Structures are given as C-alpha cells and as structure tokens.
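Biologist: Please take a close look at the salt bridges of this structure. How many does a search of the whole structure find, and which side chains meet in them?

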Amino acid sequence: CDAGTVLPMAPGAVFSSADAVRQQITKQIDTYQNALRKLAKLDEFQVQLTRMQQRETLPTSAPTGTDFLRQKRARRDIKRIQQTAQNRIATDVLDRLQHCAQQITQPTAAAADKPVNVAVLVDTSMTAYLQDLLTDLAPQAQNHGLSLTVKGPYPPYSFKCTIPQVVCHAH
C-alpha cells in the first residue's frame with residue numbers, strides 16, 4: 001500500500017493514539033510474524049479452464065426428415081461425449097493441482113463456460129512444477145474444446161492466513 005503501512009485490524013478500527021495501535025500490535029507480534037513468514041514462501045496462481053466456442057461439424061440442412069433427425073441425434077451425441085471428456089479433464093486438472101498446492105480456493109462460482117476457476121496457493125519451490133504440469137495439460141484440454149490458462153505468480157491475496165483481526169473501539 002503506497003498510502004502507509006497496512007495493519008492487521010478490522011476495517012473501521014479506531015484508536016486513541018499511535019501508541020495504542022503499537023501496543024495492540026505488540027501483544028500479538030509473534031502471531032503476525034509467523035503468519036507473514038509462512039506467506040512469504042508462497043505464491044498465488046489463478047487457474048482457469050474455459051470452454052471454447054465449438055464450430056458446427058455437421059451440415060445444417062438435411063434432404064429428408066430422417067436425415068434431419070439423424071443429424072440432430074449425432075449433434076446431441078457429440079455434445080454429450082465432448083462434455084464428458086471436458087468434465088474428465090476438469091477433474092484431472094483439479095486432481096493434479098492438489099498434489100502441488102498448499103491450498104485451493106474458488107474465487108468465483110463455477111460458470112457453465114468455466115469448469116475450473118480457482119486460485120492456487122503454491123510453495124515457491126513448486127512454482128516451476130505447477131507451470132510445467134499445466135503446460136503439459138493445455139494441449140489435451142485444447143483437443144477437447146477447452147482453454148487452460150494460468151496467471152501468476154501473485155502475492156497470496158485470495159487466501160486467509162492466521163493473522164488475527166483486532167476489533168477495537170474508541171477510548
């Protein structure tokens with residue numbers, strides 16, 4: 001924060017003086033320092049698996065009603081097979097992330113076009129492993145109409161650490 005030091009206090013905390021703030025922080029300094037030490041060795045990544053627009057592979061017109069029904073059934077079957085493959089890949093991505101992640105959180109609810117949309121907390125020593133793992137999965141995802149993106153590393157903003165929040169009232 002460019003405006004000043006960020007303090008581990010509840011929003012709206014009010015103190016009678018700067019000494020009161022220092023006194024409150026000093027009470028739990030060991031807890032704060034331990035939590036910050038843990039976070040210092042961690043990186044956050046955003047991992048998204050997004051469904052891409054599919055091109056129509058079957059003709060849109062049919063010479064007879066029977067042909068029309070066959071094409072409609074074929075479209076439905078292809079869509080079902082593709083959705084099954086996409087769900088399998090989404091499960092595979094999440095399973096593999098479990099092996100290298102300290103924690104995984106879903107920053108937003110899964111949308112129909114994003115079967116995977118998670119923040120991943122990774123020890124800095126595992127960053128290259130995570131990037132290689134997801135690079136290996138990207139072609140497989142693309143072959144099944146999915147786009148796999150990884151953004152990061154970022155500071156671990158999406159994760160709650162064990163720093164206690166102090167709620168204070170005016171003195």
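Modeller: A salt bridge is a side-chain nitrogen of Lys or Arg within 4 Å of a carboxyl oxygen of Asp or Glu. Side chains of opposite charge can pair when their charged atoms come close. The model is predicted, so local features need pLDDT of at least 70 and side-chain atom pairs count only at pLDDT 80 or more, while totals for chains, interfaces and linings use all residues. Residues are numbered from 1 along each chain as its sequence is written, and side-chain values use heavy atoms, with hydrogens and water left out.

Searching the whole structure gives 5 salt bridges. Among them is a network that links Arg76, Asp77 and Arg80. Within this network, Asp77 meets Arg80 at 2.7 Å, N to O, and Asp77 also meets Arg76 at 3.8 Å, N to O. Both Asp77 and Arg80 belong to helix H3 (residues 65-100), where they are 3 residues apart, about one turn of the helix; helices (H or I) are DSSP runs of at least four residues, numbered from the N terminus. Asp77 is partly exposed, with a relative accessibility of 26%, and Arg80 is partly exposed at 48%. Here buried means under 20% relative accessible area, exposed over 50%, and partly exposed in between, with a 1.4 Å probe and protein chains only.

Another salt bridge joins Arg22 to Asp19, whose closest N and O atoms are 2.8 Å apart. Arg22 and Asp19 lie in helix H1 (residues 18-27), 3 residues apart, about one turn of the helix. Asp19 counts as exposed because its relative accessibility is 52%.

Technical notes. Helices (H or I, at least four residues) and strands (E, at least two) are DSSP runs, numbered from the N terminus.
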